[in-house]
Amino acid sequence: MIASQGNNNQDVAAPESSSPPRLCYRMAETGPPLLKAVLEKRGWCPYIEDESPYWNLWWRGSRFRISEYSSCRPWQRLNHFPKTALITRKDCLFRTLKTMRGIYGAVFDFVPQTFLLPNDYVRFIRVYAEEEEKGEKGVWICKPADLSRGRKIFVFRDLQDLTYDCNAILQRYIPNPMLISGYKFDLRCYVLVRSYDPLNIYLYDEGLTRFATSPYDITSLKNRYSHLTNTSINKFSPTLLSEKDQVGQGCKWNLAKFQQYCAANDLPFARIWQRIKAIVILTLLPVAAEVRSAADGCFELYGFDILLDDALRPWLLEVNMSPALSVDSEVDVEVKEPLLSDVIALLELSVKDAQRAKQYSDLQDALNASKTRRKPESPPPPSTLPAPIGQPPATTSNRSPFPQQVGGFRKIFPFNDVTAKANMMKQGTMRHIIQEVKRKWAL
């Protein structure tokens, strides 16, 4: 465990002109303390506004502006791509996947039946009335479209209990989840997209198994601790620290412990994991079609939330743009500290990038100073300098291939020669890729 997770900018000096350049991260003071600690353990220093001459990594929870994407230099990284709201807003995610299902068929049947409120309210009422007339009234779950951490989520059976005051999604509740010792759970899977053009997807070997803290009871829909697995909710449960049969104390396992549980109970974890890979790839494909012109310096860490039913079928619940990096337990440290270290390693930044950033900053200072002089000094030869402002970053044609594995991150796309070739083409490749996904995982 990293001893200190709360280093302030004042604790680590910014790079000075007299010292060798160091990689520099830019992050708000409210940024994840664990990430700051991981970076500083690797020798990085924090960027200080109006003091530091350069930065190499800009990490923040919200999206960047268009101008910030366009000005990203080859020695810099931004932790978001543009247009990823296509899958990170709940309503956009299900609208996107509904469109994909309409075009490509049942291979996209990995989300529960969904209605977008208020637009689909009449359609939902029609389905609800038909089921009520047959005496088969189902259970539904309502979620605000753009809130996280389980806020304003509720489960209901009677229409009179449906209330909402914002755009929301209404989903058929999966009434038969896989249970461990009677407790509901979901899986938080970490996915990193290093590039959308061409698409390169990594899935992390570790993750979180997040438990509800009350036994599952479909007859008690008001008990949030029985039906919701969000840690931000269950950490307030009165039974959080009690022993819960095989689950134990708390509300989290790492993914390795779930894998051990599957092995001990003759459950096919490998098959489950393969299907999760397919879900991740199919979910990200439509984003790749929209994010073709993003700077090479962009990357994205997603949190995919997967629920298993009692037939071991995985269902996609949501995709998180900025998965929580807070530390509430030892399990969080075990999973997130090496996760973040491997994320930084995948960015492929080195001391040379710090030197290029420093050199570029010095050049800009010299150019700005020359404007105030009567006889400007000649700048250093262009061959010794980084690319000037306005020149586009390196293109996909001269970029080195991304590695197959870095730490716990394993590349899951492209996964064979056919998808690699299709991935490099600009048009008419989506159907070929989906066919390969179906063939590989027998979907």
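**Core.** I looked up the nonpolar cores in this predicted model. The largest of them has 107 residues. Within it, I noted W59, Y196, F258, L284 and L316 as the residues with the most contacts. I then asked which element supplies the largest share of this core. It is helix 9, residues 269-290, with 13 residues. A second core, separate from that one, has 11 residues, and I found F124, Y128, F156 and L162 among them. In soluble globular proteins, nonpolar side chains tend to be buried together.

**L284.** I listed what L284 is in contact with, leaving aside its neighbours within four places in sequence. The list holds I87, V191, V193, Y196, I201, Y302 and F304. Y196 also appears, with L284, among the core residues that have the most contacts.

**Strands 13 and 14.** I checked how strand 13 (residues 300-308) pairs with strand 14, and found the antiparallel sense over six bridges. L307 is opposite W315 of strand 14. The two strands form a hairpin, with five residues between them. In the turn I noted L312, which has a positive phi of about 65°. Next I looked up burial in strand 14, residues 314-320. Seven of its seven residues are buried, so the strand is largely enclosed by the rest of the structure.

**Helix 12.** Which residues of helix 12 (residues 417-424) are buried? I found T419, A422 and N423. Viewed down the helix axis, the buried residues fall within an arc of 105°, so they line one face of helix 12. D417 and K421, on the other side of the helix, are exposed. I then looked for what covers the buried residues; the cover includes strand 11 (199-211), strand 16 (409-413) and helix 13 (430-441). At the N-terminal end of helix 12 I found a cap, N416, with a side-chain oxygen 3.2 Å from the backbone nitrogen of V418.

**Four-stranded sheet.** I traced an open sheet of four strands and wrote down the order 2-1-3-4, with parallel pairing. Strand 2 (45-46) and strand 4 (77-78) stand at its edges. Each of these has a single partner strand, so one side of each is left without a neighbour in the sheet. For strand 1 (residues 24-26) and strand 3 (residues 57-58), I recorded parallel pairing over two bridges. I also looked up the bridge partner of Y25 in strand 3, and it is L57.

How values were computed:
Residues numbered from 1 in each chain as written. Predicted model: local features only at pLDDT ≥ 70, side-chain atom pairs only at ≥ 80, totals over all residues. Heavy atoms only, no water. Buried < 20%, exposed > 50% of the residue type's maximum accessible area, 1.4 Å probe, protein only. Pairing = 2+ DSSP bridges. Core = buried A, V, L, I, M, F, W, Y, C linked by side-chain atoms within 4.5 Å. Contact = heavy atoms within 4.5 Å. Arc of directions from axis to C-beta. Polar contact = N/O pair within 3.5 Å; in protein donor to acceptor, adjacent residues only side chain to side chain.
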